[in-house]
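Please look at the side chains in the structure below. This briefing covers aromatic pairs, salt bridges and cysteines.

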Amino acid sequence: MTDFDLRESGYSAEVVEEILEEAALPFIFPRNRPETGTRLKNGDPGERVINLADWVAETIQDYIDVNRPDQTDEHGRKPLLTSRKGNGRLSKSSMRNWIYIYTQPCEFGGECPHDRDPETCEAREHGHGSKCPSSRSPHKLRTGSITWHRDQGWPITDLSDKANAGEDLIKSVYDQPEKLIRGAGRRKHLGKLDNGDGSQ
């Protein structure tokens, strides 16, 4: 949790001061630690300030204060997402399974859009969350977040820094709004097709 609270980060006072000069609270500052099993996807260049909305920081702090199991991993660190099993750190497979579950419409009282009974649905069984047609993988959270930021008008340069993704990658893979707008704009040409009614 030291990446969430710089006061316990282990950084020198000078480094913390320098970080705080460049960013407004609240934010997180993830660090690359391959020697302790928590490597960032892009290694050391992935270390960056990630600004958080106040309500997001409050939600994380509430989770830490109220719901986070007090666990320490084998390296003496306190992971944000913990498990009472294993080494105290929530495993990748467990995170993946929880995301599959939490993206199922019925998880929060919604009706099943697939005409399934949540009481007997195989996707509700432990380890089978991905069998729900509506469930999403962890990577979809990332792509959805990047696309949502673009929809809200975030410049690609700023979003590239926040998401630690190349600008070209965002343009080619994640920047769906522009593609959708272009696609929707082409609809006006349907009337120009052979039958004049939009059909071919």
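The points below are grouped by type of side-chain contact. The model is predicted. A search of the whole structure finds two aromatic pairs, four salt bridges and zero disulfides.

**Aromatic rings**

- A pair of aromatic rings is described by the distance of the centres and the angle of the planes.
- The search of the whole structure gives two aromatic pairs. In one of them, Trp98 and Tyr102, the ring centres are 5.4 Å apart and the planes are at 20 degrees, so this pair is stacked.
- Trp98 and Tyr102 both belong to helix H3, which runs over residues 92-102. They are four residues apart in that helix, so about one helical turn separates them.
- Trp98 is partly exposed, because its relative accessibility is 43%. Tyr102 is also partly exposed, with a relative accessible area of 43%.
- Tyr102 forms a stacked aromatic pair with Phe108 as well, with 5.9 Å from centre to centre and 25 degrees between the planes.
- Is Phe108 buried or exposed? Its relative accessibility is 63%, so Phe108 counts as exposed.
- Trp98, Tyr102 and Phe108 together form one aromatic cluster.

**Salt bridges**

- Side chains of opposite charge can pair when their charged atoms come close.
- Four salt bridges are found in the whole structure; the three described here are among them.
- Arg68 and Asp70 form a salt bridge in which the closest N and O atoms are 3.8 Å apart.
- Arg68 is buried, because its relative accessibility of 9% is under the 20% cut-off. Its partner Asp70 is exposed, because its relative accessible area of 60% is over 50%.
- Asp73 and Arg89 meet through their side chains in a salt bridge, at 2.6 Å from N to O.
- The pair of Asp73 and Arg89 links distant parts of the chain, 16 residues apart. Both residues lie in the loop between helix H2 (54-67) and H3.
- Asp73 is buried, with a relative accessible area of 6%. Arg89, at 22% relative accessibility, counts as partly exposed.
- Which residue forms a salt bridge with Arg124? The partner is Glu107, and the closest N and O atoms of the two are 2.9 Å apart.
- Arg124 and Glu107 also link distant parts of the chain, being 17 residues apart. Both are in the loop between H3 and helix H4 (138-151).
- Arg124 is partly exposed at 35% relative accessibility, and Glu107 is partly exposed at 24%.

**Cysteines**

- A disulfide is a covalent bond between the sulfur atoms of two cysteines.
- The search of the whole structure returns zero disulfides.
- Cys106 is in no disulfide, and the nearest cysteine sulfur is that of Cys112, 6.2 Å away.
- Why are the sulfur atoms of Cys106 and Cys112 not counted as a disulfide? They are 6.2 Å apart, whereas a disulfide needs cysteine sulfur atoms within 2.5 Å, so the pair does not qualify.
- Cys112 is likewise in no disulfide, and the cysteine sulfur nearest to it belongs to Cys106.
- Cys106 counts as buried, because its relative accessibility is 18%. Cys112 is partly exposed, with a relative accessible area of 23%. The cut-off for buried is under 20%, so Cys106 and Cys112 fall on opposite sides of it.

Definitions and conventions. Residues numbered from 1 in each chain as written. Predicted model: local features only at pLDDT ≥ 70, side-chain atom pairs only at ≥ 80, totals over all residues. Heavy atoms only, no water. Phe/Tyr/Trp six-rings, centres within 6.5 Å; stacked < 30°, edge-to-face > 60°. Helix = DSSP H or I, 4+ residues; strand = E, 2+ residues; numbered from the N terminus. Buried < 20%, exposed > 50% of the residue type's maximum accessible area, 1.4 Å probe, protein only.
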